[in-house]
Amino acid sequence: MIDIVGCIKLDTSKPERLTYLIACIRSLHSLKSVSSFILSLHNDEPELFDIISRELSCFEKNVLVKGNPDISYGDEMLQLIAMGNPQNDFVLNFMEDHFTLCSARDIFECCLHMRLYYVQVTRCTFNEIEYKCASQVI
């Protein structure tokens with residue numbers, strides 16, 4: 001149903017950022033059987049890759065790659081999207097450092113509505129996302 005795709009630059013000097021990323025991934029666990037999770041991590045710490053890899057392992061299809069600093073963000077995102085499941089109708093984008101923490105049920109219902117009404121693209125400003133996340137944190 002949905003590919004969850006992200007290109008993350010994680011500042012490990014702030015441990016709360018890792019905690020937040022893990023919480024974001026876990027908030028989407030209920031979509032694990034209908035989702036692919038493709039994540040590019042711009043960080044060279046092997047233990048960080050191990051931690052994130054374990055968190056992603058429950059998703060039916062998961063890909064964790066080292067970010068490529070030599071290509072543009074857009075080109076990197078296109079490469080990540082291409083790694084997704086071609087049968088999936090939607091892509092949920094983790095943008096840079098703005099992780100998504102929300103109810104997976106809400107995402108699932110949003111996708112069903114988008115399919116029903118033939119919506120190709122939906123957009124929400126970062127402020128709206130932050131408000132929704134603060135009011136709907138699992």
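**Surface.** I looked up the exposed area of the protein chain and got about 8200 Å². Carbon and sulfur atoms supply 56% of that area. I note here that the model is a predicted one.

**Burial.** I then checked how much of the protein chain is buried: 38% of its 138 residues.

**Fold layout.** I counted 5 helices and 4 strands in the protein chain. Reading along the sequence, I wrote down the order β-α-β-α-β-α-β-α-α. For contacts with a separation of 6 or more, I found that 78% join residues 24 or more positions apart.

**Helix H1.** I took residues 15–27 as H1, which has 13 residues. From first C-alpha to last I read 19 Å, close to the 18 Å expected at 1.5 Å a residue. Which residues of H1 are buried? I listed Arg 17, Leu 21, Ile 22, Cys 24, Ile 25 and Ser 27. For reference, residues three or four places apart in an α-helix point the same way, because there are 3.6 residues a turn.

**Nonpolar patch.** Which residues make the nonpolar surface patch of about 200 Å²? I found Val 34, Phe 108 and Leu 112. I placed Leu 112 in helix H4, residues 104–116. Is Leu 112 buried or exposed? I logged Leu 112 as partly exposed, because its relative accessible area is 36%, and partly exposed covers the range between under 20% for buried and over 50% for exposed. Patch membership asks for over 30% relative accessible area, so the 36% of Leu 112 passes that cut-off.

Methods: Residues are numbered from 1 along each chain as its sequence is written. This is a predicted model: local features need pLDDT of at least 70, side-chain atom pairs count only at pLDDT 80 or more; totals for chains, interfaces and linings use all residues. Side-chain values use heavy atoms; hydrogens and water are left out. Patches are made of residues with over 30% relative accessible area and no salt bridge: like charges are joined within 9 Å, nonpolar side chains (Val, Leu, Ile, Met, Phe, Trp, Tyr) within 5 Å. Accessible areas come from the Shrake-Rupley method with a 1.4 Å probe; for residues, only the protein chains shown count as cover. A salt bridge is a side-chain nitrogen of Lys or Arg within 4 Å of a carboxyl oxygen of Asp or Glu. Helices (H or I, at least four residues) and strands (E, at least two) are DSSP runs, numbered from the N terminus. Buried means under 20% relative accessible area, exposed over 50%, partly exposed in between (1.4 Å probe, protein chains only). The expected span of a helix is 1.5 Å times one less than its number of residues. Contact means heavy atoms within 4.5 Å.
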